[in-house]
Amino acid sequence: MARGAKPDNKTRMLVWGRAAGHCQYPGCSKRLDEDLVAGDLRKNNAYLAHIIASDPSGERGDPTLSHELSNDPTNIMLMCDPHHREIDDPNKKDRYSVSVLRQMKQQHEDRVAHLFSNPLIKPAHVVRVAAFIGENETSIPLSDCIAAMGNEFYLADRRPIDIQMRDIATKDSDPDYYPTVLKLLRSKYDREIRGRFEEGELQHLAIFGFAPMPVLMELGRLLSDLSAVSLYGKHREPKPGWAWPDDQPPLGFSMFKGRTGSKKVALKLSVSAEIVDERVTAAYEDDDVSIWEIRSNRLGTSELRSQNDLSEFRKVVGKTFDAIKDQHGLDVELSVFPAVPTTCAIEFGRTWQPKAHPGFRIFDQVRERGFIERHSIN
Ligand SMILES: [Zn+2]
Ligand SMILES: [Zn+2]
């Protein structure tokens, strides 16, 4: 059976234009116009790759569609040489089905449209940090991350940086859990982020964290050297997702100082819920503790709903660290009792400055046991 017609000039222009001159294989995005510009067509590395081959006996060929679609720009992808060969590799038939290739083409063309719809959009690397919280295992779909970054960032790399701590054998009620998880967090951070940031390979990080408070505070401490960081948290309303809803009046935060004269300071972080003093003093053997508090003007698990709220929180945290140091000295025994959304926990760790701020111990709420010391940062 004969081949379908070759793509004509109009079709070629449409394919090139919709692909914005870049290879449409995910994560490749090689520029393909340069050999054309140089005029050396023997070195041309750009291919018009058929999804349904123009030859019925070719890859994904079809007795009728091969002819009908051989000159249809929606059936043709712009590809670099290695990727054209990759998708037509007879050994990889199952991987590159018609629907998979159509989806690749669509995603590439959506991305081009998205880039031009907002000239201010910047690339960001997605970092997903997930650990057990109690019995609940959680995963953060990449599509949620993309939706959350909205018009501010596009994916710098289709493969997110994953710091997953779900494979470890212990649960967060186990005494070995925190040492194991925190060690894993630090080593993965060093390997996946610190070096790549110093090399200039990572420009901006979009952080999606879902883990117990002490882990998130440690993550924040690790991220404190980096300014180009945006934080995202999970929201349940109006529908579950990771985009900042930004649909409420701004949240305000106040610092309440504790009494002077003690070297022991407890700092309550009350945003998601109220923490009564008795729950804090229960963690101490004697009563000689000065209780400080950072408190939001509305309490609840879904009250923090914008990046502005988070930067207000950050300002009050910085002020509070300074005020505690002024009132109690840098050698104060500071302990933190958090009831905050995940993003506040990360931001708290990020705001702390070694040497300038007192070190602190982190207590976390454990059901039926109250606040338990989990980690210390100093
Ligand atoms: Zn082809
Ligand atoms: Zn390619």
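This is a short tour of a predicted model, stop by stop.

**Stop 1: the domains**

Start with the whole chain. Colour residues 9–115 as domain 1, residues 118–232 as domain 2 and residues 253–377 as domain 3; these bounds come from the domain assignment. Now look from domain 1 to domain 3. Their centres, taken over C-alpha atoms, are 55 Å apart.

**Stop 2: the zinc ion**

Select ligand 2, the zinc ion. Which protein atoms hold it as donors? Show Cys23 (SG), Cys28 (SG), Cys80 (SG) and His83 (ND1). They lie 2.0 to 2.3 Å from the zinc ion.

Next, check the angles. The four donor atoms subtend 95 to 121 degrees around the zinc ion, so the arrangement is tetrahedral. For reference, the ideal angle for four tetrahedral donors is 109.5 degrees.

Trace the donors along the chain. Their spacing reads C-x4-C-x51-C-x2-H.

Turn on the surface and compare the cysteines. Are they buried or exposed? Cys23 is buried, with a relative accessible area of 0%. Cys80 is buried too, at 2%. Cys28 is partly exposed, at 25%.

Cysteines can also pair with one another. A disulfide is a covalent bond between the sulfur atoms of two cysteines. How many disulfides are there here? The count is zero.

**Stop 3: Glu34 and Arg60**

Move on to Glu34. This residue lies in helix α2, residues 34–38. Glu34 is partly exposed, with a relative accessible area of 44%. Draw a distance from Glu34 to Asp176, C-alpha to C-alpha. The viewer should give 56 Å, for a pair 142 residues apart in sequence.

Then select Arg60. Look for it in the loop between β1 (46–50) and α3 (65–68). Most residues other than glycine have a negative phi. Arg60 has a positive phi, near 55 degrees. Arg60 is buried, with a relative accessible area of 15%.

**Stop 4: helix α8**

Select residues 213–223 to bring up helix α8. How many of its eleven residues are buried? Ten are, and the helix is mostly covered. The buried residues include Met213, Pro214, Val215 and Leu216 at one end of the list, and Gly220, Leu222 and Leu223 at the other. Glu218 is also among the buried residues of α8.

**Stop 5: the loop between β7 and β8**

Go to the loop that runs between β7 (229–232) and β8 (253–256); Pro238 is found there. Most peptide bonds are trans. What joins Glu237 and Pro238? A cis peptide bond does, with omega about 0 degrees.

Stay in this loop and pick Asp246, which lies between β7 and β8 as well. Asp246 is not a glycine, yet its phi is positive, about 50 degrees. Is Asp246 buried or exposed? Asp246 is exposed, with a relative accessible area of 55%.

**Stop 6: an annotated span**

Highlight residues 188–372. UniProt, in an unreviewed entry, places the feature "domain: SMODS-associated and fused to various effectors" here. The C-alpha atoms at the two ends of this span lie 26 Å apart. Switch to a cartoon view. The span is 32% helix and 24% strand.

**Stop 7: Leu267**

Select Leu267, in strand β9 (residues 264–270). Leu267 is buried, with a relative accessible area of 1%. Which residues does Leu267 touch, leaving out those up to four places away in sequence? Show Trp292, Glu293 and Ile294. Add Thr320 and Ile324. Then add Leu334, Ser335, Val336, Phe337 and Phe348.

For a longer line across the model, draw Leu267 to Asp190. Their C-alpha atoms are separated by 30 Å, and the two residues are 77 apart along the chain.

**Stop 8: Thr343**

Finish at Thr343, in helix α11 (residues 342–351). Thr343 is buried, with a relative accessible area of 2%. Show its contacts beyond four places in sequence: Leu231, Tyr232, Gly233, Trp244, Leu304 and Leu310.

Note on methods. Residues numbered from 1 in each chain as written. Chains lettered and ligands numbered in written order. Predicted model: local features only at pLDDT ≥ 70, side-chain atom pairs only at ≥ 80, totals over all residues. Heavy atoms only, no water. Domains from an automatic or database assignment. Donors = N, O, S within 2.8 Å, 3.2 Å for Na, K, Ca; no water. Tetrahedral: all angles 85-135°; square planar, octahedral: opposite > 155°, others 65-115°. Buried < 20%, exposed > 50% of the residue type's maximum accessible area, 1.4 Å probe, protein only. Helix = DSSP H or I, 4+ residues; strand = E, 2+ residues; numbered from the N terminus. Contact = heavy atoms within 4.5 Å. Disulfide = S-S within 2.5 Å. UniProt positions renumbered as here; feature names shortened; annotations may be inferred.
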